[in-house]
Structures are given as C-alpha cells and as structure tokens.
Amino acid sequence: MERILVLDRGNTRMKVGLFEGSNCTLTKVLENPADLQVFIQEFRVDRCCYADVHGDLASWIGNLPSSVISFSSNLPIALKYNKPESLGQDRIANVAGARAL
C-alpha cells in the first residue's frame, strides 16, 4: 500500500504523519530537516503533502513526488477570505482536514 507523508513545518519544528491509505499509522515530531531525509528513507515513503512556513522544504524532500498546500491548491473548501494568499498553509490544511471529517 502507498505510504504518504503529511508534514507541517512550523517555525520551530516539523510534525509528521505517515498514512497508509486513509489510516494514520505513525505521528512524530522532527527537530530538523536532516531528520526528514532519514524518516523518508526509513519508512520508504512514496509521496508527500506538506505545509512549510520557511519555503525551503522541497530541497530536503528531494525527488519524492510531493504537493504543497496553498490557497491555490485543489481544496474541498471555498476560501472566502479577502486575501487568500495571506492565509497560512497550516491553517488551510487544518480546515481542509476538518472538512474531510
């Protein structure tokens, strides 16, 4: 089964969840981007979806197929915000996730 890494990189740490299908099989906090590369290899991650306040995470993910959450993503919600580009990626991901429940 495909393993999908869901990642939220904030100002101080990265929170990750590993999904197999719709089941979250593991959650973890990573302290730095180098730990991410180890995690991807150790758990044989197939693809990734992430939010990143720093904007440089793609360089740490490497060739792993990935999607970045943003106001222009194909979302299950309508962003009725005056300036949707100013919304944080993590907030967009939280609302989209809550909507999926």
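The legends below describe close-up views of a predicted model.

**View 1. Confidence of the predicted model along the chain.**
The mean pLDDT of the protein is 86, and 98% of its residues reach 70 or more. Confidence is highest in strand 3, where the mean is 94. Helix 3, residues 89–100, has the lowest confidence, with a mean of 74. Helix 3 appears again in View 6, where it gives the most to the lining of the largest pocket.

**View 2. The hairpin of strand 1 and strand 2.**
Strand 1 (3–9) and strand 2 (residues 14–20) form a hairpin with four residues between them. The two strands pair in the antiparallel sense, over seven bridges. Two of the facing positions can be picked out here: V6 has G17 of strand 2 as its bridge partner, and R9 stands opposite M14 in strand 2. The loop between strand 1 and strand 2 holds N11. N11 has a relative accessible area of 66% and is therefore exposed, the cut-off being over 50%. Along the chain, N11 and H54 are 43 residues apart, yet 7.4 Å separates their C-alpha atoms.

**View 3. The hairpin of strand 2 and strand 3.**
Strand 2 continues into a hairpin with strand 3 (residues 23–30), with two residues between the strands. Seven bridges join this antiparallel pair. V16 has its bridge partner in strand 3, namely K28, and F19 stands opposite C24 of strand 3. In the turn, G21 has a positive phi of about 65 degrees. E20 lies in strand 2 and counts as partly exposed, because its relative accessibility of 22% is not under the 20% that buried requires. The C-alpha atoms of E20 and L87 are separated by 29 Å, and the two residues are 67 apart along the chain.

**View 4. Strand 1 between its two partners.**
On its other pairing, strand 1 runs parallel to strand 4 (47–52), and six bridges join the two. R9 is a position to follow in this view: R9 stands opposite D52 in strand 4 and also opposite M14 in strand 2. Strand 1 is largely enclosed by the rest of the structure, because five of its seven residues are buried. In a regular strand, side chains alternate between the two faces of the sheet.

**View 5. The loop before strand 4, at R44.**
R44 sits in the loop between helix 1 (33–42) and strand 4. The phi of R44 is near 50 degrees, which is a positive value in a residue other than glycine. With a relative accessible area of 58%, R44 is exposed.

**View 6. The largest pocket and its lining.**
The volume of the largest pocket is about 810 Å³. Its lining has 30 residues, and those closest to the pocket centre are V6, C49, I69, A93 and G97. By class, the lining divides into 18 nonpolar, eight polar and four charged residues. Helix 3 supplies seven residues, the most to the lining. At least two residues each come from strand 1, strand 2, strand 4, strand 5 (66–68) and helix 3. V6 is thus shared with View 2, because V6 is among the residues closest to the pocket centre and is also the bridge partner of G17. Rolling a probe the size of a water molecule over the atoms shows where empty space is left.

**View 7. The cysteines C24, C48 and C49.**
How many disulfides are counted in the model? The count comes to zero. For C24, the closest cysteine sulfur is in C49, at 13 Å, which is too far for a bond. For C48, the closest cysteine sulfur is also in C49, at 6.9 Å, again too far for a bond, because a disulfide requires the sulfur atoms to be within 2.5 Å. Are C24 and C48 buried or exposed? C24 counts as partly exposed, at 40% relative accessibility, whereas C48 counts as buried, at 3%.

Terms used:
Residues numbered from 1 in each chain as written. Predicted model: local features only at pLDDT ≥ 70, side-chain atom pairs only at ≥ 80, totals over all residues. Heavy atoms only, no water. Pairing = 2+ DSSP bridges. pLDDT = per-residue confidence, 0-100. 1 Å grid on protein atoms, 1.4 Å probe; cavity = no way out; pocket = protein on both sides within 12 Å on 5 of 7 lines; lining within 4 Å. Points joined across faces, edges and corners; volume = space filled by probe spheres on them. Nonpolar A, V, L, I, M, F, W, Y, C, P; charged D, E, K, R; others polar. Buried < 20%, exposed > 50% of the residue type's maximum accessible area, 1.4 Å probe, protein only.
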